[in-house]
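The following briefing goes through the sheets, the helices that lie against them and the contacts between helices. Please read it alongside the sequence and the structure.

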Amino acid sequence: MTATETPTTAEGRAFGQRLLRKEDPRLLTGEARFIDDLQIPGALWMGMVRSPYAHARIRGIDVSAALEMPGVRHVFTGADLADAWADPMPCAWPVTEDMKAPAHWPVAKDKACYVGDIVAVVVAEDRYQAADAVDAVVVDYEPLEAVVDIEDAASDRVVVHEELGTNRSYTWTLSPEPEAVERAFAEAAHTVSETYVQQRLIPVAMEPRGVAVVPGVYGGDLTVYSSTQIPHILKVMVAATCGVPEHKVRVVAPAVGGGFGSKLNVYAEELIAVALARRLGVPTRWTETRAENAVATIQGRGQVQRMELAADAEGRVTAVRARITADMGAYLQLVTPGIPLLGAFLYHGVYDVPAYHFECTGVFTNRTPTDAYRGAGRPEATYAIERAMDALAREVGVDPAEIRRRNYIPPDRFPYESVAGLTYDSGDYEPTLDRALELVGYEELRAEQARRRAAGEKKHLGIGVSTYVEMCGLAPSRVLASLNYAAGGWEAASVRVLPTGKVQVVSGTTPHGQGHETSWSQIVADRLGIDPADVEVLHSDTAVSPLGMDTYGSRSLPVGGVAVAMATDQVIAKAKAIAAHQLECAEDDLELVDGELRVRGTPARSMTLQAVAFEAFSAHDLPDGMEPNLSAQVSYDPPNFVFPFGTHVAVVEVDEETGRVELRDYAAVDDCGPQVNPMIVEGQLHGGIVQGAAQALWEEAVYDADGNLRNPTLVDYGVPSAAELPSLKLDHTVTPSPTNPLGVKGIGEAGTIGATPAVINAIVDALSPFGITDIAMPATPERVWAAIQQARSGSAGDGEGAP
């Protein structure tokens, strides 16, 4: 079937079909235009002078040599641009009233606080001249001691921002009944106390960031082209930070080559480009190099997690206590402080836990700022509880699958009021566990594992289980308000049937690989009874789509897609009113079948949707008081999050002589409610699982004691390829959400959330004959081999890594 063919099923529905993506032909043939493909006559290129020190005072900057170089027009320092900003760079999530946030200017003026901090900007006629001139700018630095370790930062031995007097940005606590937690631990038959480290990750989107700003000839208009996930939010923040009237700003996200949360931000380079385009009156642009990307774009994760479980004699969890220290990096980016809190409500996971305590302290370090990375707080929470559940299984002496069965929230308890204050919409966890275990042949694997161990084989088999739940569909605006988040969580969509019967959808979501053009077409086509090829989806341009809250947090379908469906339903209601008027029948007598409004029982009395649309367009004979045109616009604010879930099982082989870990098999059974396009769901899961496994096995942003990133290029940073992974076995269950009319839930982050603990649990299971109960991530051959040697020598064998 081609992307333009109409799917045919017994029900004749477009919803639920495996359509090829509409977006792919232009992406695969080079027709799509990314930020660096844009031809902008007269544009000047910017080059960023970045600090080579993680912590240093700026005593002076000599730009004279750079200004003499060919093609160089200007060099600006932080002092030169001090009047370009109305406010410092935005942080939209002050999580506590007393949160400490240093002023973060796009160009540092007095001090650099991480390697990559911008200290000056070169403007030249082309990118190569700008890059050459960057090296000619001489900065007189006074190096200062850096703090890169999370726990060292929490001690305030070295303070990153002297004006704050401390590295502690905030402490946020969720503890509904502290006495209940203390009582549960005092009365527990079993307790578990574990410490885990979430290493820093580099998002490594396929396309690095870029920006181009084109000033208007008259009236002060600006068009900002950015490889961003958030054109609507960026528009607001450009206006607020640069003092530009918002109605004069247009933001366009052209084709965007991946984001994974790293492009959910307002970056210094975007604001600098706006400031210089206004000052110079010509277009300005910049494209990030891969090496810049490693230090200038946000990084993900970065936590030390202390997890404690209390349980009764049967291993049923009676309390969870989680204490997190989170690395903010040198500054607070757009939502940096809130990222750990997106997992704050989920450290008890899928388990029916009566008592709960969560506490998070955010600290500043001399490293690249952290912010949202695929899953954003939810992978961290799932990792902690799923690793701790395996520890509890060892403590109680039962199989990891059994300890989970004993603790799952029963399906008859949904909607489930969690101890952390959330209402889980729907769930049925045990079938996903049963099916995932079946897909890998769990009982047979355990038998094989026992045989290998009895035979003394050098390659050790391990099986790891992870059951996750995710809160996504960000988010009910009132909930965000209660968490002190600056924006809302609504989404907008409009649907219009054109006079010729074709359909245009305008969406406030901003796809960058998720396939919205295909999925939204399927939703609309399914409801209208037309061919998905007759639906066009417009997005990612604030002049075309003026309302929106963009794409992140697996919100696009359960918020944006639902808005599209609701707008379509309003179009149908209006079409019925027009057809009833034309056919002289009651609206309730009409049914919409295959794009035609028919009078029930007398199909000869009918009007095609195209005919109705033309009547609405001509407006010659509409019902009294009805506005012309067949269109509707909806702004949808969800009443609750949605809660997808699933079970992932990883099977590994660990070679004790080399420490090499081979991921031998992998099964994932996920539940995101009804699937609009199963092929897109599978694609999202494939990518997410690979990223989650990569954290477990290969990826880490490695810093030395001076705050230098030691692996800033793809020569050194371990991004996996298909060769490192087995074929993934996927299946699903369907548990609709009762909170939206489509019953849908998000899926974009699920693979990442479930994968990491499954893989690490499998490795620890393989190493259990050595008495090893933990291995730091990533579980590299060197780290695994060292843990085995330590265990053999009788020293600590938990493979701990530095935070």
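In this predicted model, helix 15 (residues 556-583) lies across strand 19, strand 20 and strand 25, and its direction runs at about 145° to that of strand 25. Helix 14 (residues 516-528) lies across strand 19, strand 20 (503-507) and strand 21, running at about 135° to strand 21. The strands concerned belong to an open sheet of four strands in the order 21-20-19-25, in which the pairing is mixed.

**The four-stranded sheet**

- The edges are taken by strand 21 (535-538) and strand 25 (630-636), each of which has a single partner strand, so that one side of each is left without a neighbour in the sheet.
- On average, and with direction ignored, neighbouring strands of this sheet are turned by 15° against each other.
- Strand 19 (residues 491-497) runs antiparallel to strand 25, to which seven bridges join it, and within this pairing V497 has L630 of strand 25 as its bridge partner.

**Helix 14 against helix 15**

- Besides lying across strands of the sheet, helix 14 and helix 15 pack on each other at an angle of about 35°, with their axes 10 Å apart, and their crossing is right-handed.
- On the helix 14 side the contact is formed by H516, W520, I523, V524, R527 and L528, which meet S556, L557, G560, G561, V564, A565, T568, D569 and I572 of helix 15.
- Sorted by class, the residues of the contact between helix 14 and helix 15 comprise eight nonpolar, five polar and two charged.

**The seven-stranded sheet and its helices**

- Seven strands make up another open sheet, again with mixed pairing, in the order 3-5-1-12-9-10-11.
- Strand 3 (72-77) and strand 11 (249-252) are the edge strands of the seven-stranded sheet, each pairing on one side only.
- Neighbouring strands in the seven-stranded sheet are turned by 20° against each other on average, with direction ignored.
- Strand 1 (residues 44-50) and strand 12 (residues 284-287) run parallel and are joined by two bridges, and W45 stands opposite R285 in strand 12.
- Helix 3 (residues 127-134) packs on this sheet, where it touches strand 1, strand 3, strand 5 (118-124) and strand 12, and its direction makes about 25° with that of strand 1.
- Helix 7 also packs on the sheet, touching strand 1, strand 3, strand 5, strand 9 (210-215), strand 10 (222-226) and strand 12, while its direction makes about 130° with that of strand 1.

**Helix 6 against helix 7**

- Helix 7 (residues 268-280) has a further partner in helix 6 (residues 231-242), and the axes of the two come within 11 Å and cross at roughly 60°, which makes helix 6 oblique to helix 7.
- The crossing of helix 6 and helix 7 is right-handed, and the contact involves L234, V238, T241 and C242 of helix 6 together with E270, L271, V274 and R278 of helix 7.
- Five of the residues in the contact of helix 6 with helix 7 are nonpolar, one is polar and two are charged.

**Helix 9 against helix 18**

- Helix 9 (residues 378-396) and helix 18 (residues 750-767) pack with their axes 8 Å apart and at an angle of about 30°, which makes helix 9 roughly parallel to helix 18.
- Helix 9 passes helix 18 in a right-handed crossing, with R378, P379, T382, Y383, E386, R387, D390 and R394 of helix 9 in contact with T752, I753, T756, P757, I760, N761 and V764 of helix 18.
- The contact of helix 9 with helix 18 divides by class into six nonpolar, four polar and five charged residues.

**A hairpin**

- Strand 22 (residues 590-593) and strand 23 (residues 596-599) pair in the antiparallel sense over four bridges, and L592 stands opposite L597 in strand 23.
- Two residues lie between strand 22 and strand 23 in this hairpin, and D594 in the turn has a positive phi of about 50°.

**Confidence of the model**

- The protein chain has a mean pLDDT of 96, and 97% of its residues reach 70 or more.
- Over residues 1-11, however, pLDDT stays under 50, and for this stretch the model has 17 contacts beyond four places in sequence.

Terms used
Residues numbered from 1 in each chain as written. Predicted model: local features only at pLDDT ≥ 70, side-chain atom pairs only at ≥ 80, totals over all residues. Heavy atoms only, no water. Axes fitted to C-alpha atoms, helices over the stretch in contact; angles between N-to-C directions. Parallel < 35°, antiparallel > 145°, perpendicular 65-115°, else oblique. Left-handed = near helix turned anticlockwise from the far one by under 90°. Contact = heavy atoms within 4.5 Å. Nonpolar A, V, L, I, M, F, W, Y, C, P; charged D, E, K, R; others polar. Pairing = 2+ DSSP bridges. pLDDT = per-residue confidence, 0-100.
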